[in-house]
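Subject: Structure for you to look at

Hello,

Here is the structure I promised to hand over. Please open it and keep it beside this email as you read.

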Amino acid sequence: NGYQSLHTTVIGPEGKRIEVQIRTHEMHQIAEEGIAAHWQYKGGESKGVDEARRFSWLRQLVEWVTQLNDPQEFIHSVKEDLFEKEVFVFSPRGQLFSLAKGSSVLDFAYRIHTDVGHQCKSAKVNGRMVPLKRKLDNGDTVEIITSSNQSPQREWLDIVRTSKAQTRIRSWLKKQQRDESISIGRELLERELKKKCKNGDGKKEYKQNFDRVLSKFDVRDEEHLFTILGYGQISVTSVVNEILGLNGNQRSGIGKGEQGDELVLQRAKEKSPLLAGRPTKSDGVIVGGKRNVMINFCGSCSPLNGEDVKGVITRGRGIKIHREGCKYLLEADEERRINAVWDGAAVARPRHIQLKIVCEDTPGILANMSRAISSLGVDIGSVVLKKLRNGHGIARFGLMLSSIDELNAVVIQLQQEQGVLSVERV
């Protein structure tokens, strides 16, 4: 991001490190105020190679655009890297690395190399064994211990801080998820072919009619076919019927736009006790243009009526509804995502959300905040208050809200209370 500075660490008595940063006035201005301020200071004059080097970070953004197919994930990655404060740590050989402030040992592993991150089993910081979630401080010496039997875990996404580590972990998890679906799809197709083919295992017919199957179900290649079979987006019976030329109960292909949604919805409805077409108090979400599909809501992001949402196809549990930007939505393979909107004709059902309020630790502050919330007719499910040493406190309210409008009203009401410093949803 254009940051330039000379950093060195002096080891003094008792092994204590003192970090020294050396900058010119120009380098200090860029470090404190950013590239744009430097540009204005220089009057827009170009300095050729120096300027190209200064804007190399911008070229990295272009690379991210080509690597990340999901716009939401791209925005998330950029936001994580913009103008971050840094910490500087050492490898066991004394090589200096810069990381975003708040980075963990696992971030350092991915900073070295993607494979080192994927196989990171444990780590030592300043010669002592530490957990992977341990945050790094300036001057730490970090040693990564790897194992070929180690692989990324979903929980790692809650540990890492840098966008590089998050992107690499998500990519690995998505690939594993996709590979599993391909394997399931292949097994389902082979089993059904053997079952229905009277002569042999059906491989001959499969090869002869493969191109027709691709065209019929609008899929790109064999891997894509296995993937959507594994996800349950098309019926294995309909594919086998097309291969063998049977006149069974066939379903159309995944298609484009709403055609693909139809197949997902059909499978979800088969497991749903609700009647299609009528809005009910229990759903409130239209998935792929259809009401009363079997759905459940993500417990992490707790979407409220009025927020932008999207669905993710799950195995055996219908469609899970996520708020746009939810980390679990970003982790899900794009093949499994489906459009969803709130049903304006349905009655919104209250959902549990949590608010984190930083306030002054003064007598009656908790009672005042509770009255402010109750005055809006909102039910308070739980309250936890924690005192801080600086004379402040953190209150966590569990509330039952029906819409984003109700949430906004509560936030505004609390912000008007004396002694309330900040209000945020968690």
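Below is what was found, part by part.

First, a caution. This is a predicted model.

**The sheet**

Start with an open sheet of 3 strands. Its order is β6-β5-β7, and the pairing is antiparallel. Which strands form the edges? They are β6 (128–130) and β7 (142–146), each of which pairs on one side only. From one strand to the next, the twist averages 35 degrees.

Now look at β5, residues 120–125. It is joined to β6 by 3 bridges, and the two strands run antiparallel. To find your way there, go to Lys 124: it stands opposite Met 129 of β6.

A helix packs on this sheet too. It is α6, residues 105–112, and it touches β5, β6 and β7. The direction of α6 makes about 80 degrees with that of β7.

**The nonpolar patch**

Next, turn to the surface. Five names to select here are Leu 6, Val 10, Ile 18, Val 20 and Ile 22. Together they make a nonpolar surface patch of about 430 Å². Where do these residues come from? Strands β1 (6–11) and β2 (17–22) each supply at least two of them. Which strand gives the most? That is β2, with 3 residues.

Take Leu 6 as an example. Leu 6 sits in strand β1. Is it buried or exposed? Its relative accessibility is 54%, so Leu 6 counts as exposed, the cut-off being over 50%.

**Two residues with positive phi**

Last, check two backbone angles. Both belong to residues other than glycine.

- Asp 218 has a phi near 55 degrees, a positive value. You will find Asp 218 in the loop between α10 (210–217) and α11 (222–231). Its relative accessibility is 37%, so Asp 218 counts as partly exposed: the value falls between the 20% and 50% cut-offs.
- Ser 302 has a phi near 40 degrees, also positive. Ser 302 lies in the loop between β9 (295–297) and β10 (309–313). Is Ser 302 buried or exposed? Its relative accessible area is 13%, which is under 20%, so Ser 302 is buried.

So each of these two residues lies in a loop, but Asp 218 is partly exposed, whereas Ser 302 is buried.

When you go through the model, take the sheet, then the patch, then the two loops.

Best wishes

Methods. Residues are numbered from 1 along each chain as its sequence is written. This is a predicted model: local features need pLDDT of at least 70, side-chain atom pairs count only at pLDDT 80 or more; totals for chains, interfaces and linings use all residues. Side-chain values use heavy atoms; hydrogens and water are left out. Helices (H or I, at least four residues) and strands (E, at least two) are DSSP runs, numbered from the N terminus. Buried means under 20% relative accessible area, exposed over 50%, partly exposed in between (1.4 Å probe, protein chains only). Two strands pair if DSSP finds at least two bridges between them. Axes are lines fitted to C-alpha atoms, for helices over the stretch in contact, and angles run from 0 to 180 degrees between N-to-C directions. Contact means heavy atoms within 4.5 Å. Patches are made of residues with over 30% relative accessible area and no salt bridge: like charges are joined within 9 Å, nonpolar side chains (Val, Leu, Ile, Met, Phe, Trp, Tyr) within 5 Å. Accessible areas come from the Shrake-Rupley method with a 1.4 Å probe; for residues, only the protein chains shown count as cover. A salt bridge is a side-chain nitrogen of Lys or Arg within 4 Å of a carboxyl oxygen of Asp or Glu.
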